[in-house]
Amino acid sequence: DYDEAVKMIGESKAIYEALKDAESATKCDNQIGSLAINKGNFEVALNSFLKVVSANEKRPEAEQSVEPYLNLGWIYFNLNHLAKCQAYLQEAVKLAEKLDNDASWMLVSEKQATLFMYIGERYLKQAQTDSMQRKQFQDSSAIFINQSFEAYGRSLKLSKKLGDKANEVSV
């Protein structure tokens, strides 16, 4: 069950912290954040992934991961903070550009495609309910949906390039 899993991971994290094993403690934060996202507990997820991002930024660039930025983008989308969502997606893009590896780009492209589609749909719904700003919301919706298709295209190209390796890649 969720609560028991979080409790056990928290206990593991305490042990890793006592052993001064920061990397393993960060992995625990990542697991707690992932569980919290799945449960819809976005405040716990947010706190966990902010810790992961902080630890990630202290690592050598070649060892950093785009995933915590993507997860924060997802959390902020669910909290209806679209500007913060977009900012963390952009951070993931910047890091993927620096890392310049297909695995990072695959993760970024997949998450971008999904989130951009959801953002576009959210703007479209706002256009349907707010006649005063209908044109603005429709335009915003079109931009994000088009960006979603571009990201899906990148993801598909990378998937074909990586083949079976796409499911094996860990970032």
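This is a walk through a predicted model, from its core to one of its helices and then to its charged pairs. Local features are described where pLDDT is at least 70 and side-chain atom pairs count only at pLDDT 80 or more, while totals for chains, interfaces and linings use all residues. Residues are numbered from 1 along each chain as its sequence is written, and side-chain values use heavy atoms, with hydrogens and water left out.

Let's start inside. In soluble globular proteins, nonpolar side chains tend to be buried together. Here, the largest nonpolar core has 37 residues. A nonpolar core is a set of buried Ala, Val, Leu, Ile, Met, Phe, Trp, Tyr and Cys residues joined through side-chain atoms within 4.5 Å. Buried means under 20% relative accessible area, exposed means over 50%, and partly exposed lies in between (1.4 Å probe, protein chains only). The residues with the most contacts inside this core are F49, V66, L72, I75, C85, V108 and I119. At least two core residues come from each of α2 (22-39), α3 (42-58), α4 (67-78), α5 (82-99), α6 (102-129) and α7 (134-162). These helix names follow DSSP runs (H or I, at least four residues), numbered from the N terminus.

Take a closer look at C85. C85 counts as buried because its relative accessibility is 0%. Apart from its neighbours within four places in sequence, C85 is in contact (heavy atoms within 4.5 Å) with G73, Y76, F77, L115 and I119. C28 is a buried cysteine too, with 4% relative accessibility. How many disulfides does the model have? The count is 0, where a disulfide is a pair of cysteine sulfur atoms within 2.5 Å.

Now follow the helix that holds C85. The end C-alpha atoms of α5 are 26 Å apart, which agrees with the 26 Å that its 18 residues should span at 1.5 Å a residue; the expected span is 1.5 Å times one less than the number of residues. Which residues of α5 are buried? They are L82, C85, L89, A92, V93, L95, A96 and L99. Seen down the axis of α5, these buried residues fall within an arc of 165°, so they line one face of the helix. The arc is that of the directions from the helix axis to the C-beta atoms. The buried residues of α5 pack against α3, α4 and α6, whereas A83 and K98, on the other side, are exposed. After α5 comes D100, whose phi is positive, near 50°.

Finally, turn to the charged side chains. A salt bridge is a side-chain nitrogen of Lys or Arg within 4 Å of a carboxyl oxygen of Asp or Glu, and the whole structure has 4 of them. In α5, E91 and K94 form one of these (3.6 Å, N to O). These two residues are 3 residues apart, so about one helical turn separates them. Both E91, at 33% relative accessible area, and K94, at 40%, are partly exposed. Elsewhere, salt bridges that share partners join K13, E17 and D29 into one network. Within that network, the side chains of E17 and K13 meet at 3.7 Å, N to O, and both residues lie in helix α1 (residues 2-18), 4 residues apart. E17 is partly exposed at 43% relative accessibility, but K13 is buried at 13%. In α2, K27 and E23 also form a salt bridge (4.0 Å, N to O), and E23 is partly exposed at 47%.
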